[in-house]
Amino acid sequence: MHKHIRLTIHICAVTAAAVFIGWAIVALLLPIFGLHIWQQEWQSQGQTDLRFTRAELDYRNTADLKNSLPFMAAAALDINNDGRDEVFLGGGEAQNDGLFQLKDGQFVNIIDDTLPPKDDNDATMGAASIDINNDGRPDLFVARESGIWLYESGPQKYQSRFLGVMPEANTIPLSIALGDVNGDGWVDFYASGYIRNDLVEGTTIFNKPYGGYSALYINNGDNSWRDATHEAGLYRQHNTFSAVFVDLDNDLDSDLVIAQDTGHVEMYAGDGTGHFTPIPNPSVFSYPMGVAAGDYDNDGLIDLYFSNVGHTMPAPMVRGDLNKDQPFNADYMLFHNDGNLQFSDTARKANAARYGFGWGVVFADMDLDGREDILAAQNYARFPDFLATTYPGKLLLQNENGTFHPVEKRSRAKNNHYGITPLVSDLNDDGWPDLVWANLTGPARTYLSKGGDNHWLKVRLPNTASSVNAIVQVALDDGRVLTKQRIPGQGLGSDQSSTLIFGLGTAQGVKTVRVRFQDGRDHTIDTPAIDGTLNIAGQP
């Protein structure tokens, strides 16, 4: 009898323990399961005839996320001046960068034959290219943990030159924005700065002074540079991801747009002499990371798009030290340029607001219908896989009514890896934009467009300081006028192709192409042939 009682008690104890453990597991997994449900994307794919085919580009970034900031460089540049871009991808510590050329349908890494190797104890965060010495070949600025580097073309090969560390010792450069802010014909640049990895206190700090320092460097007229941040009115402490120079009011000088972490979007009007004054904008506290610049509604003015954390994490987890009275926005932001340096956020109206945790963003007309589309790299960088759902990078096509719809799965350009930035270039020279997803701690993903029936025109400006923020307008025979600028640095730590691709849609011809340079030159070409490349000379 006592044995049966003891056995019953034992069975009950084991059962109770099992139930307790079961409920404990449920209690542990339920929040994780609930978080995954919260993170799901519920927006269905839209319709499109656009299709891509996967191309092999054998490069896997190996960044050490425990000891390095979670960023990597990407750039499209025509390194051998043959009219087709190569792809530069930044490496992590103990890993060389990659430089890939498309040969016979295969991407070949040519970096060992082209650029000097980087130090194994360094990681490459950002890159941007431009011809600084007017020899017809692009030079490459690179932001690394060690500081800012320049690969400068020479008579026979490229040479590596160290330009120095950031002015403040707590800062490393993340990305490079190229411009000519004082109109002297020499390349200037803005280096976005972030606090060193070993000094990071958190990623949700809004209210206390915290972060790295960005810097504006003015060319001395001999391709050496001086720190002009204070005199330009741009000195401040704040972690910054990326920036671009863009002519926002078509006055033929460069304005500056900055995407900073845990803060507001910052915008500054340039006066053409190297001094900047703040421009009000509709942002509130948020996490603007990548920045894209393009005329999405074809009104002749450049609009701006910013990635953000999205609604993939509950607001209390990302509001950080904000108090309840401080407004916070997790949406992506689409700043419509209303003219006279005034902007309104039209992201929700355009269905461009509610997406995943965003990084680099780019405007590009991927289906060549004459309307700018949007590409956005997504995903977390430091969340454990069991906590964070992976998000495919977004390809958002623009509808006739100005709204956007996702098509990355339907077009077969899906990227489920930890995307840092998209890179857009016509890599196979067929007129259609191709796509590279630069992925952190994972393989790059490259997709070549299969093309279609729409017409196109490529405009190639001299890749020099004189072409930065040049305004190119293409007037079509159906009455539309398309506007683009040469804007280096779009995305995040990246630089898109310097060749401008205009989608003409079903238009059968181009009336004129007008190019307005910042130095006052105004060049017009009548009735250029469509479905081809228009090369603009350096001195119209």
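## Asn-170

Asn-170 sits in the loop between β9 (158-164) and β10 (171-179). The model is a predicted one. Is Asn-170 buried or exposed? Its relative accessible area is 17%. The cut-off for buried is under 20%, so Asn-170 counts as buried.

Which residues does Asn-170 touch, leaving aside those up to four places away in sequence? They are Tyr-194, Ile-195, Arg-196, Leu-199, Gly-211, Gly-212, Tyr-213 and Gln-237. Ser-214 is 44 residues from Asn-170 in sequence. In space, their C-alpha atoms are 11 Å apart.

## Ser-192

Ser-192 belongs to strand β11 (residues 188-195). Its relative accessibility is 0%, so Ser-192 counts as buried. Leaving aside residues up to four places away in sequence, Ser-192 touches Ile-172, Pro-173, Leu-174 and Ser-175, among others. Its partners also include Ser-214, Thr-240, Phe-241, Ser-242 and Ala-243.

Gln-508 is 316 residues from Ser-192 in sequence. From C-alpha to C-alpha, the two are 43 Å apart.

## Ile-374

Ile-374 lies in strand β23 (residues 373-378). It is buried, at a relative accessible area of 0%. How far apart are the C-alpha atoms of Ile-374 and Leu-396? The separation is 5.0 Å, although 22 residues part them along the chain.

Leu-396 is also one of the residues that Ile-374 touches. The others are Tyr-305, Val-362, Phe-363, Ala-364, Lys-394, Leu-395 and Phe-404, with residues up to four places away in sequence not counted.

## Salt bridges

The count of salt bridges is 15. One of them joins the side chains of Asp-97 and Arg-144, at 2.7 Å from N to O. Asp-97 is in the loop between β3 (86-89) and β4 (98-103), and Arg-144 is in strand β7 (residues 139-144), so the pair ties together parts that are 47 residues apart in sequence. Both residues, Asp-97 and Arg-144, are buried.

Lys-394 and Glu-408 also meet through their side chains, at 2.7 Å from N to O. This pair links distant parts of the chain, 14 residues apart. Lys-394 is in strand β24 (residues 394-398). Glu-408 is in the loop between β25 (404-406) and β26 (419-425). Both Lys-394 and Glu-408 are buried. Asp-426, Asp-429 and Lys-458 form one network, joined by salt bridges that share partners. Lys-394 has appeared before, as one of the residues touched by Ile-374.

Arg-226 and Glu-231 make another salt bridge, with an N to O distance of 3.0 Å. Arg-226 is partly exposed, at a relative accessible area of 36%.

## Positive phi

Most residues other than glycine have a negative phi. Which value does Ala-94 have? Its phi is positive, about 60°, although Ala-94 is not a glycine. Ala-94 is in the loop between β3 and β4. That loop also holds Asp-97. With a relative accessible area of 61%, Ala-94 is exposed.

Thr-262 has a positive phi too, near 40°. Where is Thr-262? It is in the loop between β15 (255-260) and β16 (266-270). Thr-262 is buried, with a relative accessible area of 6%.

## The whole chain

How many helices and strands does the protein chain have? There are three helices and 36 strands. Along the principal axes, the C-alpha atoms fill a box of roughly 105 × 50 × 50 Å. The radius of gyration is 24 Å. A compact globule of 540 residues would have a value near 24 Å, so the chain agrees with that estimate.

Of the 540 residues, 60% count as buried. Among contacts with a separation of 6 or more, 61% are between residues 24 or more positions apart.

## Surface and charge

The protein chain exposes about 21,100 Å². Carbon and sulfur atoms supply 53% of that area. How many side chains are positive and how many negative? There are 40 positive and 68 negative ones. The centres of the two sets lie 10 Å apart.

Terms used:
Residues numbered from 1 in each chain as written. Predicted model: local features only at pLDDT ≥ 70, side-chain atom pairs only at ≥ 80, totals over all residues. Heavy atoms only, no water. Helix = DSSP H or I, 4+ residues; strand = E, 2+ residues; numbered from the N terminus. Rg over C-alpha atoms; globule rule 2.2 N^0.38 Å. Buried < 20%, exposed > 50% of the residue type's maximum accessible area, 1.4 Å probe, protein only. Contact = heavy atoms within 4.5 Å. Areas by Shrake-Rupley, 256 points an atom, 1.4 Å probe, with all protein chains shown as cover. Lys, Arg positive; Asp, Glu negative; His and termini not counted. Charge placed at Lys NZ, Arg CZ, Asp CG, Glu CD. Salt bridge = Lys/Arg side-chain N within 4 Å of Asp/Glu carboxyl O.
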